[in-house]
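Colleague: Could you take one part of this model and go through it closely, and then connect it step by step to what lies around it? I would rather have one long, careful answer than a list of remarks.

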Amino acid sequence: MTPTESTADGSGMGPTVLELRIHGIKNTPPAEMLGVQPGEVRADQADEDGGFYVPTVDPPDPDDPARPPTDIRREGYSWGRLSRLGSGAWLVIGQFFIQLAWLLILPFGLSNTAYWTRRIPDQTGRGRWSSGRGAPALRVFALGLTLLYVCALASVSLSMVGAQCLAGTASCPGLPGWVTEFFALPEFDRRGVRMVVLALVPLAGVLLLFVVSHRGRTRYEAAIFGTVDKIRNARRRINDEKPRRPLSTGGFWDFARVRLPSELYHVAATLFLLSVLIAWDDVFAACADPGDGLVPLRCFELPGSPLAGKWWIALAVPAGLVGLVVVVVRIILDTDSSRALGDASEPERADRALAIDRHRRNVVAGLVLAASALLFGYAGIVVAAPDRSVNYIRTPFIGLILAPSIVLGALVAIAIAALGWRRLTHPGLFTPRAQAQLRLWTWILVPLAGVAILLAVVIVPHGALPGPVSMAFYVLAAVSLGAFLLIVWLAPRRAAERIRQEAGGGETTDAFATEGWSGTGPAVLMMLALGAGILLSTFLVLGTQCWLASTGPVPVCPLNGGDAPIATPQAFANFGGTVPVLAIILVLVVAAVAAARLASTPLLTTPPTRGGRPLILPVARYENGVVQNAGAEDKLAVRILHARRTAGLVHRGEPILGLLAFLLALGIVYTVVLPSSLHAPALDLALPALGLIAVVAVIAIAQNSATAQERPISVMWDLMCFLPRAGHPFAPPCYAERVIPELRDRVVDWLEADIVDQSAIRGGDRRSPEERARDEHTALTTPQRRKVILSAHSLGGVLAVSCIFTLASDTQERLRNVGLLTYGTQLRAYFGRFFPELFGPEALGVFPTRGPSLRARDPWLSQVVMDQQRTPDELPPSGSKPTLRELLTQPDGVTVAWVNLWRRTDYLGFPDFSYGHNRIDRGADEFGPARYLVQIASHPGYQSSAQYMTALRELADRLRA
């Protein structure tokens, strides 16, 4: 038995401090996290997806920083497989489709992240969730992403395969022979039957996304150790309606904000849209232009209009549109979970009310889904019926000429409106009445611009230039959109200036300088989600076109499709043409910034260190706010300086992402707004290359599915899935819904070992809920022999902070026996700026930070100068709710059981409190352990530094004091 293993159950004296390590992104293996060899670790309360691990031996060198003191038990919590796991034991073909589905879910995860960048209000009560401004619109945005995929899949199956390849209007040598043979059968060779059968393809695609997301959710629920029940029992102590921070709200991690009804609504919307598409095509196929599929105005003139001649089919179109409206309304009504759920001071009554409300919502969603299925069945029957006018017609599929553009237009309009979700709702700048007025202007200007653009595009004949009426609508749209953007930009500034004048002068401050993208985070994330969605949809369409047009086993994607080229819907072709242009602009900007920053070697400030070797070329502060250049130095010093410079270059990611979102917005506006006559034909030259890229990507996914189960772009899932699903019901499940309760459970179990009668919990916990809540409160808030130090790296710091807030969800008192050691984290620099209500300065109890600069030699120059003007003992003002720093402050009111390590060579590590000297932040070695002097330390490797062990021992001493 090793020192780290002895008496872990609480018997005997043994270790009194639990060092619980939590890794960051990249799924660090347990052995590496614990500083031992792969065969020197064993699972302790873990399964195949993750859990707690302990080393079986200690490092042989007593001076090795990886060797813990004898009074410290070291454990590691592994969660990486929770966010990266594939589909499980499926056949290879099934695994391929599951892996492809995970890639397509990427935009859904980004939209879920956008949900949490909004202004999240404080929460009150049990089983309630108040979503705040913009949540209904974001849920509608999420529905639009699903419908965008439906349009892409329908473009492949209905337009390209059904209306072109199988109808003989396009040459498709790549189409499998069995498909052609199947639709050559007498029962399936008619256009109507063909379209009904092929309409099942986009429906199957949506159902696949539904199954992958719904099935994956069970892997993330905290079911192994019953921890959710423990949190729920502890919450029963609450008998007040006092507002709490979202992360301190009991049930934050076990309250589902998107449930089965949301999933059913998305499936129902898919059925409604497909009903509209196939019915519209069947009604107007014989009347439309056989060349481009456009429906002339004469087709709507009575008598003789197909609307009258096929009224029983045409009925499916308004019925489907009404169904889509009903789905949108129901999604909006179901966004907020705080209506009529009973009194939170009576848990049993609140639980019953919540169960009744959920049942009612499930029933309504089931009825809507049933109605959509009936409509789809009706449309399929009437469309599949023999009709001489359309049985063998060779007209392009009509329904998808405008549908993708309309969906894109609605999505980009919602994303633009999201620019004001934070900037126009700041409680310190605008009164509730002013916020209502600004909201009204948003509802007027943004829809007005959208309707004007739709009219401007629709009234322009195909191939013609915009006329005076169309140009008038374009001008109206530009004026409306420009007015809204001016309001978003100027209204907060005017309000801040007014407040300054009322206060008698002073300096006007930008209230959004310390928020991600100047308070436009929701819009940026939504635009990135929309960009990812339209990009993947475009790759899907162009890749299929490339595959169908190829004559051999290797896709060629010919520039000239021959005498019968395959046509793609204009929306996807237009956006595909802009992708290379947008990529070139982005690359040029990044290259210019990199060239400017790499032209010299700046002397960047470094944090003070405790323990171990001193830093090479430390810089305490910038004199007069100027970053100096480095002189002639030795080789090791030059390598250190270059590593600091390179890390600073990576720190500029936030403005680059903002530029990417802006470029994607331009590309989408170009796709939606400009008529076909103004489309640049030269852009089409890039479409075959994009199709080939798509095919190569699919081949790579197929190879990965045959050899591994890890999801594509696995690091993205680490970053996107740490917050609960609240935006898109098909978004990837939140691994933190299992991680946080398990971490909390382990902390409480360790601390309770000395105060709980072991016979009362042996063979099953027989304590009442009130007794468990009382023991937990005692273990957390009164001095105990046992202590816990949460040791968290990178994204693990977010998980550790979330765990601490759940420990304090039922109390305003300080946590007397819990410490926090973070390293290589982004709590203040990124998470605090992107999610202010969750991890912002008012939640962490730290000073706010401005965003990075593209131009400054130090991306954080303005913040460094500002922080260095503060004294080491200066603290941010306290609020009415305890912050993380205050929860970890010891009884003397000065000592804080929190240490954060960072270094300038870390491309993802930042100070958590301030760039100036303070009690929390300190430096770590910038090169590896003594036996690896030539290795520059960057993001990993903090735990092997001498500064780590110094901080660990110091935290243990602070908790014992």
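Modeller: Helices here are DSSP runs of H or I with at least four residues, strands are E runs of at least two, and both are numbered from the N terminus. With that in hand, and keeping in mind that this is a predicted model, I would begin at a loop and then move to the sheet.

The loop between helix 18 and helix 19 holds serine 518, and tryptophan 517 lies in the loop between these two helices as well. Tryptophan 517 is not a glycine, yet its phi is positive at about 50 degrees; serine 518 likewise has a positive phi, near 55 degrees, in a residue other than glycine. Their exposure can be judged against the cut-off for burial, which is under 20% relative accessible area. Tryptophan 517 has a relative accessible area of 13% and is therefore buried, whereas serine 518 has 32% and so is partly exposed.

Helix 19 (521-549), which follows this loop, is among the elements that cover the buried residues of helix 22, as are helix 15 (403-417), helix 17 (432-458), helix 18 (468-502), helix 20 (570-598) and helix 29 (827-834). Helix 22 itself runs over residues 653-673, and because its 21 residues should span 30 Å at 1.5 Å a residue, the distance of 30 Å between its end C-alpha atoms agrees with expectation. Its buried residues include Glu654, Gly658, Leu663, Leu664, Tyr670 and Val673.

Threonine 117 offers another way into this region, since among the residues it touches are Gly521, Pro522 and Leu525, together with Arg422, Phe834 and Phe835, when residues up to four places away in sequence are not counted. This threonine belongs to helix 4 (residues 106-117), and a relative accessible area of 2% means that it is buried. A polar atom of the threonine 117 side chain lies 2.6 Å from the backbone oxygen of alanine 114.

From there I turn to the sheet. It is an open sheet of 8 strands in the order 2-3-4-1-5-6-7-8, and its pairing is mixed. Strand 2 (41-46) and strand 8 (921-923) form the edges, each pairing on one side only, and from one strand to the next the twist averages 25 degrees.

Within that order, strand 5 deserves the closest reading. Strand 5 (residues 787-793) pairs with strand 1 (residues 17-22) in the parallel sense over 6 bridges; leucine 20 has leucine 790 as its bridge partner in strand 5, and arginine 21 has serine 791. Strand 5 is also joined to strand 6 by 6 bridges, and these two strands run parallel, with valine 818 in strand 6 as the bridge partner of valine 788.

In a regular strand, side chains alternate between the two faces of the sheet. In strand 5, Lys787, Ile789, Ser791 and His793 point one way, while Val788, Leu790 and Ala792 point the other way, and all of them are buried. Strand 5 is thus mostly covered, with 7 of its 7 residues buried. Helix 25 (residues 736-752) lies across strand 5 and also across strand 1, strand 2, strand 3 (51-55), strand 4 (72-78) and strand 6 (818-823), and it runs at about 165 degrees to strand 4.

The cysteines complete the account. The structure holds 2 disulfides. In one, the sulfur atoms of cysteine 165 and cysteine 172 are 1.9 Å apart, the angle of -80 degrees about the S-S bond makes the link left-handed, and both cysteines are buried. In the other, cysteine 287 and cysteine 299 have their sulfur atoms 1.8 Å apart, and the torsion about the S-S bond is about -100 degrees, so this disulfide is left-handed. Cysteine 287 and cysteine 299 both sit in the loop between helix 10 (260-284) and helix 11 (306-309), 12 residues apart, and both are buried.

Cysteine 721, by contrast, is in no disulfide, and the nearest cysteine sulfur, that of cysteine 734, is 7.6 Å away. Cysteine 721 counts as buried because its relative accessibility is 1%. Cysteine 734 is in no disulfide either, and its relative accessible area of 1% means that cysteine 734 is buried.

Conventions
Residues are numbered from 1 along each chain as its sequence is written. This is a predicted model: local features need pLDDT of at least 70, side-chain atom pairs count only at pLDDT 80 or more; totals for chains, interfaces and linings use all residues. Side-chain values use heavy atoms; hydrogens and water are left out. Two strands pair if DSSP finds at least two bridges between them. Axes are lines fitted to C-alpha atoms, for helices over the stretch in contact, and angles run from 0 to 180 degrees between N-to-C directions. Contact means heavy atoms within 4.5 Å. Buried means under 20% relative accessible area, exposed over 50%, partly exposed in between (1.4 Å probe, protein chains only). A polar contact is a pair of N or O atoms within 3.5 Å; within protein, one must be able to donate a hydrogen and the other to accept it, and residues adjacent in sequence count only if both atoms are side-chain atoms. A disulfide is a pair of cysteine sulfur atoms within 2.5 Å. The expected span of a helix is 1.5 Å times one less than its number of residues.
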